[in-house]
Every structure is written in C-alpha cells, then in structure tokens.
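Hi,

Here's the structure I promised to send over. Have a look when you get a minute, and my notes are underneath.

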Amino acid sequence: MTTPAPLPPLQAPRKLKLATVSLAGCFGCHMSFLDIDERLFELIEHIEFDRSPLTDIKQVGVCDIGLIEGGLCNAENVLVLREFRAHCKTLVAVGACAITGGLPAQRNHMDIGAILTDVYCTRQGLSASCRIPDDPELPLPLNQVHPIHEVVHVDYFLPGCPPSANAFWTFLNDLMAGRTPHLGHGLMHYD
Ligand code: SF4
C-alpha cells in the first residue's frame, strides 16, 4: 500500500459550524471521518461541531456545513434531512448510501409489507404471538429507500463506502478554504 502524500494545512478564514447526521446508514462514514485521528485537534481549531454523534446535540442549529450519511428509509429521516437543509448553508451527501441509497436500497425491489411480515411474523423460530411493531413512536418506513438528492438540493457529493479519512480531510480543507472540493482519482474508492 502506498503512503498518501502529505496534505496541505487546513485553511479556514474563520471558525465554521459543522453538523453531521446518520440517516439510513451504518455509521461507517462517521467512523471513517474519525479516522483523521490526530488531525481532529487541528480541525477543531477551525470548526465548531453542532448536531453530531460527537456532541450529542439533538437539534441542528444554523450551520455552515452539514454532512449527511445515509439515505432515506423512513419518515423521520425525511424530517431530519429537511431540517438540515433548512439550517445548513452547504449540504454534503457523504458516502454511497446518501448518494444512491446504497446497501439499504437493496430492499427496493421487494414489497415493504411482505418484508415486514416475513421478518416479524412468518420467519422460522418466531412465536405465534409475534407481530409487526406498531408503537406510534416508531417512524413509518418508506416504501422505498431514496438517495437524499431526490428530496432536497445537495451542494456536494463525497463518494465512497466509506469515503477515506484522507478524502474527508481534503474535501473539508477545500470547502473551508472556499474552493470547490476536488478529490482526484486516488481518493475515490469503495472498500
Ligand atoms: Fe456505511 Fe458505506 Fe453507507 Fe457509509 S456509504 S453508511 S460506510 S454502507
């Protein structure tokens, strides 16, 4: 494996607000973001985290950048996405699930009712009293999983499954310096 070339120092004219959220994703994109490791210390010199699993803030505030992991599989995902769009100046679809629906979209060729019945009622080993969960607090599933650009305007797409830590770093560096992000071939891969 080749060692990646050193990246330029992070540049930002002022401290920016950044929010992140995982919708129908596996948190792998967030974990890859954290793989920037000690560069996180440099990052927080330039940005302040708003809503994110890193802060546990539940409501997104007014932000410069919103990073969205995951697509849309239920009604709550749509609400959260619309909130992010309304509060974030720049919205980024991060990873294959946000960009295309990704792995969760594999259910799109099946009937959602049939899937729920199979998983909760008829699968071998379930008791006769099993039923599809219907607590009113549970978000209603959508018939299909959608990429986020089908519901809101997306400013940038950061591809990968997940995008690598260096891809996150380069992307944010460009964005915070006011440049159009450019990853180049070496930073775009799916593994
Ligand atoms: Fe997980 Fe890949 Fe989807 Fe990111 S793009 S949430 S790593 S499955």
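Which helices each supply at least two residues of the shell around the ligand? Those are α1 (28–34) and α4 (95–100). Of the two, α4 deserves your first click: its 3 residues are the most that any element gives to the shell. Before you go further, keep in mind that this is a predicted model.

The ligand surroundings in full: Gly-25, Cys-26, Gly-28 and Cys-29 come early in the chain, then there's Glu-69, then Gly-95, Ala-96 and Cys-97, and finally Gly-160, Cys-161 and Pro-162. Sorted by class, that shell comes out as 6 nonpolar, 4 polar and 1 charged residues.

Now the fold. I count 6 helices and 7 strands in the protein, and going along the sequence they run β-α-α-β-β-β-α-β-α-α-β-β-α. If you look at contacts with a separation of 6 or more, 77% of them join residues 24 or more positions apart.

Some overall numbers for your setup:

- The C-alpha trace spans about 60 × 40 × 30 Å along its principal axes.
- Of the 191 residues, 42% are buried.
- Accessible surface is about 10,800 Å², with carbon and sulfur atoms holding 59% of that.
- There are 13 positive and 21 negative charges, and the mean positions of the two sets sit 5 Å apart.

Shout if anything looks odd on your side.

Cheers

Technical notes:
Residues numbered from 1 in each chain as written. Predicted model: local features only at pLDDT ≥ 70, side-chain atom pairs only at ≥ 80, totals over all residues. Heavy atoms only, no water. Near = heavy atom within 4 Å. Helix = DSSP H or I, 4+ residues; strand = E, 2+ residues; numbered from the N terminus. Nonpolar A, V, L, I, M, F, W, Y, C, P; charged D, E, K, R; others polar. Buried < 20%, exposed > 50% of the residue type's maximum accessible area, 1.4 Å probe, protein only. Contact = heavy atoms within 4.5 Å. Areas by Shrake-Rupley, 256 points an atom, 1.4 Å probe, with all protein chains shown as cover. Lys, Arg positive; Asp, Glu negative; His and termini not counted. Charge placed at Lys NZ, Arg CZ, Asp CG, Glu CD.
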